[in-house]
Amino acid sequence: DKDMKYGDLWENPVGTRFTIEELLREMLTKSDNKAYRMLLRNVGFDELTNVIAGLGLEDMFAEEGTVSAKEFSRLFRSLYSSSYLRRTNSEQLLEWLAESEFNGFLASGVPAETEFAHKFGIERDQNTYLDSGIVYVPNRPYLISVAIQGSGEEGEEERVAKVMQEISERIYTYVIAQ
């Protein structure tokens with residue numbers, strides 16, 4: 001599970017114990033894939049499959065392991081409406097997602113004082129970039145998801161970040177003007 005990308009769980013000695021809550025928080029606030037792998041290993045694939053089926057997300061991941069913006073949006077909609085988890089659990093997960101330490105992509109197009117519960121994903125091997133979440137504009141929260149399939153060209157991540165920022169800014173401006 002040792003992996004220096006995103007998060008700092010890798011700094012802990014092998015054998016360190018974590019609660020499920022600690023791993024979820026690391027996974028959601030820091031996008032720590034080590035936390036995800038530890039959870040998956042300890043919770044089990046069957047349990048994860050049951051949750052995915054319960055949410056109606058069987059088609060969430062493509063065969064190559066990528067996820068579409070539409071499917072990611074469905075997950076956020078489920079959290080927002082508490083249609084699978086109890087309200088307190090959905091709210092806790094959304095709170096942690098709002099504490100995300102990643103302020104690029106869509107988050108860079110939302111003013112810092114506006115709460116944005118989101119999850120980003122970068123799959124460099126497949127040149128895939130995704131950000132999805134709920135922007136809590138007072139009395140007008142909205143869901144936004146953007147996925148971009150790149151080509152692997154040099155400097156692509158910076159260009160993708162700029163495109164996502166522009167999309168996010170335009171939608172935010174539109175929503176607050178209504």
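**Exercise 1. Find the residue that follows helix 1 and describe its phi.**

*Solution.* Go to the end of helix 1, and the residue that comes after the helix is S31. Its phi is positive, near 55 degrees. Keep in mind as you click around that this is a predicted model.

**Exercise 2. Work out how confident the prediction is, and which elements have the lowest and highest mean pLDDT.**

*Solution.* Start with the whole protein: the average pLDDT is 87, and 89% of the residues score at least 70. Next, go element by element. Helix 3, residues 45–54, has the lowest mean, 75. Helix 6, residues 156–177, has the highest, 97. A word of caution to go with this: where pLDDT is low, the predicted coordinates should not be read in detail.

**Exercise 3. List the residues of helix 1 that are buried, and say what they pack against.**

*Solution.* First, colour helix 1 by accessibility. The buried residues are L23, E26, M27, L28, T29 and K30. Then look at their surroundings: these buried residues pack against helix 2 (33–43), helix 5 and strand 1. Two of the names come back in a charged cluster, since E26 and K30 join D8 in a network of salt bridges.

**Exercise 4. Describe how helix 1 packs on helix 5, giving angle, distance, hand and contacts.**

*Solution.* Two packed helices are described by the angle between their axes and the distance between the axes. Here the angle is about 45 degrees and the axes are 8 Å apart. Angles from 35 to 65 degrees fall in the oblique class, so helix 1 and helix 5 are oblique to each other. Their crossing is right-handed. From helix 1, the contact uses E21, L24, R25, L28 and T29; helix 5 contributes L93, W96 and L97.

**Exercise 5. Do the same for helix 4 and helix 5: what are the angle, the distance and the contacts?**

*Solution.* Helix 4 covers residues 69–81, and its axis lies 7 Å from that of helix 5, at an angle of about 125 degrees. This pair is therefore oblique as well. On the helix 4 side the contact is made by F76, S78, L79, Y80 and S81. On the helix 5 side you will find R87, S90, L93, L94 and L97.

**Exercise 6. How many salt bridges does the structure hold, and what does the pair R25 and E99 link?**

*Solution.* The count is eight. In the pair R25 and E99, the closest N and O atoms are 2.6 Å apart. R25 sits in helix 1 (residues 20–30), while E99 is in the loop between helix 5 (87–98) and strand 1 (116–123). The two residues are 74 apart along the chain, so this bridge links distant parts of the chain. Both partners are partly exposed: R25 at 37% relative accessibility and E99 at 32%.

**Exercise 7. Take the pairs K34 with D32 and R124 with E157: which residues are buried and which partly exposed?**

*Solution.* Begin with K34 and D32, whose closest N and O atoms are 2.9 Å apart. K34 has 1% relative accessibility and D32 has 0%; the cut-off for buried is under 20%, so K34 is buried and D32 is buried too.

Now turn to R124 and E157, with closest N and O atoms 3.1 Å apart. R124 lies in the loop between strand 1 and strand 2 (128–135) and E157 in helix 6, so the bridge ties together parts that are 33 residues apart in sequence. R124, at 41%, is partly exposed, and E157, at 25%, is partly exposed as well.

Definitions and conventions:
Residues numbered from 1 in each chain as written. Predicted model: local features only at pLDDT ≥ 70, side-chain atom pairs only at ≥ 80, totals over all residues. Heavy atoms only, no water. pLDDT = per-residue confidence, 0-100. Helix = DSSP H or I, 4+ residues; strand = E, 2+ residues; numbered from the N terminus. Salt bridge = Lys/Arg side-chain N within 4 Å of Asp/Glu carboxyl O. Buried < 20%, exposed > 50% of the residue type's maximum accessible area, 1.4 Å probe, protein only. Axes fitted to C-alpha atoms, helices over the stretch in contact; angles between N-to-C directions. Parallel < 35°, antiparallel > 145°, perpendicular 65-115°, else oblique. Left-handed = near helix turned anticlockwise from the far one by under 90°. Contact = heavy atoms within 4.5 Å.
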